[in-house]
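Visitor: Could you take me on a close look at one part of this model, the strands and hairpins of the second chain, and then show me what sits around them? I'm happy with a long answer.

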Amino acid sequence: MKATQVTTYRSLQSFLDRTSDRLSTLQLQAATGKKLNRPSDDPTAISPVLSARTQIQASDRYIETIDTGLDRINNMDGYLDGMQNTMVRLKEIAIAGFNGALSPADMETYAGEVSQLRESLLADTNAQVDGKYLFGGFSEKTVPFEVDPAYDPLAYDPTDDTTWPEVIYQGDSSVLDFEIAPNELISVNTTGDRLMQGNVDVFDTVNQLEAAFRNHDPDEIATLLDPLEEAANQIRAERSLKGNVGRRLEIAGSQMEKIKIDMEEFRSRYEDADILETITQLQQQEQSFQAALSVTGRVSSLSILDYI
Amino acid sequence: MGGLNAALNSGRTSLQTNQKAIEITGLNVANVNTEGYSRQSPHLTPYPALAFGDYFIGTGVTVGSIQRSHDVFLAGQIKDKAKEAGQEESMLNPLAELERVIGIGEGSLSDEFDQFFDAWRQLSTNPGGEVERQAVLQRGELIGRSFSNIYKEIQQSEKNINSTITSKIDGVNLMLDEVAQLNTRISALEMSGQDANSDRDRRDMLLKNLSTSIGATTFETSTGAASVQLPNGMPLVEMGKANNINAVFSGTDVNLELSFGDSTLPLDRNALGGEFRGLYEVRDVMIPDVVDRLDQLAYGFATEVNAMHAVGAGLDGSTGQSFFAPPGSHVSQGYADDTAANFAGGEVIVNVAGVETLVTVGDPASLEDIRAAIDGVADVTASIDFSAPDYTLRVESTNDPKENITIDASSLTGETYAPPAFSSQDYSANLRMSIDTTSKIAAGQTIAPGDNTNALDILQLEQQQTLGNDTFVSYYGKIASTVGVEAARNRQAAQGFQDSLIQLENMRDGIDGVSLEEEMINLLKYQRGFEASARFLSTVDEMMSTLMTLKR
C-alpha cells in the first residue's frame, strides 16, 4: 500500500478537523466555566443538576420567607411589648385604687387614665404593618378590634354594664403558616381572639376596672387584681410563644444558608468545569493542533518533483 | 535485408508504445485530485515473434489494453460504511437542534418550573399582595409560552427535515438516471471489446453516493451493468432503466414513494438507509416521542395545578376556577382489546373542577366497563376511540367552557393491563392561562386576603411525584437525558463511521489511487524507453547507411 498525496491530505484534514472540534469544545468550557453545556455532554448529570437548581432556587425563597417571618415576629413583639407595659400600668393603678384611701376626685382621675390605657391597648391590637392588620388572622384588611358601634359615651353608666364600651373582635382565628423549609410550616401570627379574648377578655376586665373606679368601689377593684394579672399573663404567654418562633426562624435561616451552599457545591460538581484541568487540556490541544499544522506545511514542501 | 526493416518496425512500435504510456501517465497525473479516479496503467505486450530461419524474433511492442486498478472488496466495504456514515451524519444536525430546544441552561423549561413555583412561594408570604399576584399570573403565562415555544421549535426542525428530504430526493433521482445511462454505455462499450474505465469510475462514485444518501445496495450483472436496490430489496436501477422516488406531501409531512411506471409503492423508514433513514429516524421516532412526553408533562402539570387551584377561592369569591385553560380531551394510552376483562377492579377518582366523584369499577373489568362506569358521571362523557391497532379511552367535559378534569385510575392495577393514564395530544402547544385577573388567583381556601393555605398546597406539587415516579422538573430532566443520550451516541457513531470510512478510502487510494511518486518514476521509465528506442532507430539507420556505402 502506498501513501498518496490524496490519502496524506485526507488523514491530515480529518485530524485537523477533530482537533479543532475538541479545541472549540474546550474553549466553550473555559469560557462558560461549565462542562455541561448541552444535554449530550453528560446525560446522567442532567437529573441531579436540575433538581439541585430547583432546591437552590427554593432555598433562596425560603431564606426570604424566613426574613419576612422574622420581620413580622419583630413587629409583633414591639406591639406586644407595648401591651405588656400597659398591663403593668393598669395593675399599678388597680393596686393604688385598692390600697390607698383615695378621694373621689383621684378615683375619677384614675378612671380617666384607665380609659386612656384601654384606648392604647385598642391601638396596639389594631397595629398595621404594610397596610395589613397584624392581629386579625387571615382578615388582614379588616380592623380586628372595634368598640361596639351601639356604644354611646353620653349614656355611659358605671353601674350598668350594658352601657360600657364593649370591644368586638372582627378578625378570624386562622393560623398563618409560612413554609420555611420543604414540608416545614411554622405559624407566624397571633390572632386577636387568642391574645385578648382567650381565657380572660382583656378589654372586658379593663372596662370593669374603669367602672369600679367610677363607682369609687375599692372592694370591686380588689377582686379585679387577679383577672388583671391573668390578662397580663395571657399576653405574655403569646409573646414568649412568638419569641420561640423567632428563635426557630433564625436557626432555620442559618440552616437554609448552609443547605444552599451544600446544594451549590453539589450542582457545581456535576455542572462546572474544573478550570485548571480545562486550561491544561486546552494548552495540550493547542499544542497538538500546532503540531498538526506544521506537519501539514512540511508535507507540501516535500515533493519528488524537487529531486528529478 | 528483411532483418533491418523488421528492426526499424520494432523501433517504431517501441516509440509509439512509450509515447502512449507517457500519455497514460499524464492522464493519471492530471487526475491526481479527481475524486473516485482509479489509476490506469498500460498493459504492454510484445508483438508476435516471427521465424527467421532457426530463430523466433519478436517484432516489437504494443499496448494490449489500458487497465484500471480496482479492488472490488474495498469498493464494497466503502459502500457499506458510506451507508452507515450517511445515516449517522444526517442525524447530527437535527439532533443538535433538538438538544438546543430541550435545553438545560438558564431559561430552559426546568427553570420556568422553578420560577413558577417560586412565584407561588412568594405569594404564600403575602397572599393579598397585588405585586405577588401579578408575578404568579405572569409566571403562569411565561411557562405556557415556554411550552409552546419548544413545541413550535420542534415543529420547525421537523419542517427543516422535510425540506431536506425534498431537496435531496431530486439529487437521488438524477443519480439513479445517470447510473442507468452509464449501465447502457458500459455494457455497449465492453461488449465491443473496449475499456470503459472512466465510466466505471463515475458509476462507482455515484453508487457510493447513492449508498450514502438512501443506503442503496448494488451488485454487478454479467453484462457489466450495476443493479441498484433499496435496503428492502425494491429495485431502483435495472440495466438501463431507473425507477424514480417521488416525494408525496400530506399536510406538512413529506413521504416518499417508489414509482414503477404506473404503480407506486410507499416507502417507510425501514425501506430506506443512509441519510434518508437517519432523517426519518429523527422525524418519525425521536421527535414524536419527545413531543408526546412534552404533552404529558404539560397535561400533568396543568391538570394538577388546576385541580389544586379549583379547591381554593379567589379574592373576588370565585371558586372552582381553573388556573390554566383545561385540556379539551383526556385520552388514555392504547390497549389491544376493549372488551377483554384485563383490568383489576377498584375505584376511579373523577375530579371535575375540584369536586371529586368516586366511581366503582367491578373486578375484573374491561376498557368498556371502565368507560360505562365513568360515562355520565359528574358532567363528563367517556367514549372509546379505535385507531388501528389500539383502543383508547377518551374522557371529555360536557360543560362549556371545558372544565378541568383529572382522572385517577391508578387503583385499577394488578391485572394484564396497566391502569389508564391520561394525556392530551398537542396540549403543550396550547398551554395558556384560564384566569386573567389577579383577584381570581386562589391563594387561600377562603376569601380572606391573608389566607395562604391553598398557595401552600400548590407549592407541594413542586416536590410531588405526580408523573409516575417523577416531579415536573425531573420528568423534564428525563426528556432532556433521552435526547442527550441519543445525541451523544450519534456523535460517537458518526465519528467512528467517519474514521473507518477515511481508513477504507485511504486503503483504496493506496491501491487504486494516483501516487505522484509512482507516476514520476513511470514517467522517467517511459522517457528512458522512448530515448532508448530513438537511439536504437538511429543505430539501425546508421547500419543501413553503412550498407548503402558498400555499393559506391
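Guide: Sure, let's start with a pair of strands in chain B, where strand 6 (residues 226–229) and strand 7 (residues 235–238) pair in the antiparallel sense over 2 bridges. Keep in mind that this is a predicted model. To get your bearings in that pair, find B:Gln229, which stands opposite B:Pro235 in strand 7 of chain B. The hairpin made by strand 6 and strand 7 of chain B has 5 residues between the strands, and there B:Gly233 takes a positive phi near 95°.

Now carry on along the chain. Strand 7 of chain B is also joined by 2 bridges to strand 8 (residues 241–242) of chain B, and these two run antiparallel. Here B:Val237 is the residue to look for, as B:Ala242 in strand 8 of chain B stands opposite B:Val237. Strand 7 and strand 8 of chain B form a hairpin too, with 2 residues between them, and B:Met239 in the turn has a positive phi of about 50°.

Further along there's an open sheet of 3 strands in chain B, with the order 14-13-17 and antiparallel pairing. Its edge strands are strand 14 (355–361) and strand 17 (405–408) of chain B, each of which pairs on one side only. On average, neighbouring strands of this sheet are turned by 20° against each other, if you ignore direction. Within the sheet, strand 13 (residues 346–352) and strand 14 of chain B pair in the antiparallel sense over 7 bridges. A handy landmark is B:Val350, with B:Thr357 of strand 14 of chain B opposite. If you're picking out side chains, remember that in a regular strand they alternate between the two faces of the sheet. Helix 7 (residues 367–374) of chain B lies across strand 13 and strand 14 of chain B, and runs at about 140° to strand 14 of chain B.

On to the helices. The axes of helix 2 (residues 72–101) and helix 4 (residues 130–191) of chain B come within 10 Å and cross at roughly 175°. That makes helix 2 of chain B roughly antiparallel to helix 4 of chain B. On the helix 2 side of chain B, the contact is made by B:Pro94, B:Glu97, B:Leu98 and B:Val101, while helix 4 of chain B brings B:Ile150, B:Glu153, B:Ile154, B:Ser157 and B:Ile161.

Then there's the nonpolar packing. The largest nonpolar core has 114 residues, of which B:Trp120, B:Val179, B:Val290 and B:Ala298 touch the most other members. Helix 6 (residues 274–311) of chain B supplies the largest share of this core, 17 residues. Try centring your view on B:Ala298: leaving out residues up to four places away in sequence, B:Ala298 touches B:Phe147, B:Tyr427, B:Ser428 and B:Leu431. A second, separate core of 48 residues includes A:Phe138, A:Val167, A:Leu209 and A:Ile221.

That last core brings us to the neighbouring chain. Chain A has 7 helices and 6 strands. With a radius of gyration of 39 Å, well over the 19 Å that the globule rule gives for 308 residues, chain A is more spread out than a compact globule. Where the two chains meet, 41 residues from chain A and 49 residues from chain B take part in the contact. On the chain A side, helix 1 (5–32), helix 2 (46–99) and strand 5 (177–181) of chain A are the elements that give two or more residues. Helix 2 of chain A gives the most there, with 11 residues.

Definitions and conventions: Residues numbered from 1 in each chain as written. Chains lettered and ligands numbered in written order. Predicted model: local features only at pLDDT ≥ 70, side-chain atom pairs only at ≥ 80, totals over all residues. Helix = DSSP H or I, 4+ residues; strand = E, 2+ residues; numbered from the N terminus. Rg over C-alpha atoms; globule rule 2.2 N^0.38 Å. Pairing = 2+ DSSP bridges. Core = buried A, V, L, I, M, F, W, Y, C linked by C-beta atoms within 7 Å. Buried ≥ 20, exposed ≤ 12 C-beta atoms within 10 Å, placed from the backbone. Contact = placed C-beta atoms within 7 Å. Axes fitted to C-alpha atoms, helices over the stretch in contact; angles between N-to-C directions. Parallel < 35°, antiparallel > 145°, perpendicular 65-115°, else oblique.
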